[in-house]
Amino acid sequence: TYFFFVFSITYTVSQCNISKCLNLSDQHPEAPPARADATFRVTMVPGDGVGPELMTAVKEVFKAGDVPVEFEEFHLSEVQNMASEEKLDQVLTSMKTNKVAMKGKIHTPMEFKGELASYEMRLRRKLDLFANVVHVNSLPGYSTRHNNLDLVIIREQTEGEYSSLEHESVTGVIECLKIITREKSRRIAKFAFDYATKKGRNKVTAVHKANIMKLADGLFLQSCAEIAQLYPKIQYENIIIDNCCMQLVQNPYQFDVLVMPNLYGNIIDNLAAGLVGGAGVVPGESYSAEYAVFETGARHPFAQAVGRNIANPTAMLLSASNMLRHLNLEYHSNMVSDAVKRVIKQGKVRTRDLGGYSTTSDFVRAVVENLRHRPAN
């Protein structure tokens, strides 16, 4: 069984019962909850590029909304000489204690410096963050070629082409190993079907290239088919990756939940994000049996925007909202996501990637103004 709602609580005052602390009483949903006496500690890794600016946006909105979350912040970067085994261990210790984290993109340099596995990959493996979930959802008020999209991409992200197993067998010949295992293929397939069941979804589609990689992708496909038999109420299909890309562009409405190995998931995440507005508007999250990490759906550092105050914080704010829901802070989660969606629907404040001229600060200010029941200063 996979746990979607694992969290850790640090009590600041322990005189109220748990239902009051978590706002589970039968009060009117529109009524602002009393100040929570439970503070949730969350690990924050801003990452590279515009990551720190996006995290600042999250912190400003949380402060304005009186959200009972306290961040433990760690700066981990391979390109800014802020990465070391000691720093990685600190991040891992914090994540293992808090169980929940928010993370920006940790940029991986292309140059080989003696270590094939990036810090991003090492984090995923050490925490066993095997399932990446990206919910691609059209934003009301922002029109694209395909509107009213609602599909979910589930990606296995601990093996496959990202196994970091490469070597030069003879001069001028590089072998790069793709690892597919029955255990991890069945695990991600079960996760996808469990997710579909939990969220009321009707269909799961396995994405593969088994016509060419007959053994590797063949094993993944076989594993998905075996798991599908355990879920007779969920429709199961499979599709070849190249055809999947074309079908997503032509008619994305045919898809509901898609499950796939590592590299295909990376490609499809970005393609699908482009269908609804780009990397700046799609949230994502990664799960293990114990931990949950919330990030943007399409992982881009957007280095050319650093310091220019032009990055779109929508994806990170929606990801933060998903994190609050994961922590059972339903009221605060809805407050943040509703404010973000209201600003986009109004159409007056839009960053450049959505065709506007507003800055990151303008967008954050508009979101704060649209928060329900903000505490008086």
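A residue counts as buried when its relative accessible area is under 20%. Keep that cut-off in mind as we walk through this structure, which is a predicted model.

Let's start with the charged pairs. The count of salt bridges comes to 20. One of them joins the side chains of Lys103 and Glu120, with 2.2 Å from N to O. Lys103 sits in strand 4 (residues 100–103) and Glu120 in helix 4 (residues 119–127), so this contact ties together parts that are 17 residues apart in sequence. Neither partner is out on the surface: Lys103 is buried, and so is Glu120.

Now hop over to Arg201, which has a couple of acidic partners to look at. Asp150 meets Arg201 in a salt bridge, at 2.7 Å from N to O. Because Asp150 lies in strand 6 (residues 150–156) and Arg201 in the loop between helix 5 (182–198) and strand 9 (203–208), the pair ties together parts that are 51 residues apart in sequence. The two ends sit in rather unlike settings: Asp150 has 37% relative accessibility and so counts as partly exposed, whereas Arg201, at 13%, is buried.

Arg201 also forms a salt bridge with Asp256, this time at 2.8 Å from N to O. Here too the pair links distant parts of the chain, 55 residues apart, with Asp256 in the loop between helix 7 (241–250) and strand 11 (257–260). In this pair, both Arg201 and Asp256 are buried. Back at the Lys103 end of things, salt bridges with shared partners join Lys103, Lys105, Glu120 and Glu295 into one network.

Next stop: helix 9, residues 314–326. At 1.5 Å a residue, its 13 residues should span 18 Å, and the end C-alpha atoms are indeed 18 Å apart, so expectation and model agree. The helix is largely enclosed by the rest of the structure, because 11 of its 13 residues are buried. Among those buried residues are Met316, Leu317, Leu318, Met323 and Leu324, along with Ser319 and His326. After the helix comes Asn328, with a positive phi near 70°.

Helix 9 also takes us to the second largest pocket, which holds about 590 Å³ of space. Its lining is made up of 27 residues, and those nearest the centre are His135, Tyr195, Glu285, Asn322 and Arg325. Strand 5 (131–137), strand 12 (283–287), helix 9 and helix 10 (330–346) each give two or more residues to that lining. The largest share, five residues, comes from helix 9. Sorted by class, the lining has 13 nonpolar, eight polar and six charged residues. Both domain 1 (39–108 + 116–140 + 278–376) and domain 2 (143–148 + 157–276) contribute, with at least three residues from each.

To finish, take a look at a pair of asparagines in loops. Asn148 has a positive phi, near 60°, in a residue other than glycine. You'll find Asn148 in the loop between strand 5 and strand 6, and at 70% relative accessibility it counts as exposed. Asn309 likewise has a positive phi, about 60°, although it is not a glycine. Asn309 belongs to the loop between strand 13 (292–296) and helix 9, and with a relative accessible area of 27% it is partly exposed.

Conventions. Residues are numbered from 1 along each chain as its sequence is written. This is a predicted model: local features need pLDDT of at least 70, side-chain atom pairs count only at pLDDT 80 or more; totals for chains, interfaces and linings use all residues. Side-chain values use heavy atoms; hydrogens and water are left out. A salt bridge is a side-chain nitrogen of Lys or Arg within 4 Å of a carboxyl oxygen of Asp or Glu. Helices (H or I, at least four residues) and strands (E, at least two) are DSSP runs, numbered from the N terminus. Buried means under 20% relative accessible area, exposed over 50%, partly exposed in between (1.4 Å probe, protein chains only). The expected span of a helix is 1.5 Å times one less than its number of residues. On a 1 Å grid over the protein atoms alone, a cavity is a set of points where a 1.4 Å probe fits but cannot get out, and a pocket is an open set with protein on both sides within 12 Å along at least five of seven lines; lining residues have an atom within 4 Å of a point. Grid points are joined across faces, edges and corners, and a volume is the space filled by probe spheres set on the points. Ala, Val, Leu, Ile, Met, Phe, Trp, Tyr, Cys and Pro count as nonpolar, Asp, Glu, Lys and Arg as charged, and the others, Gly among them, as polar. Domain bounds come from an automatic or database domain assignment.
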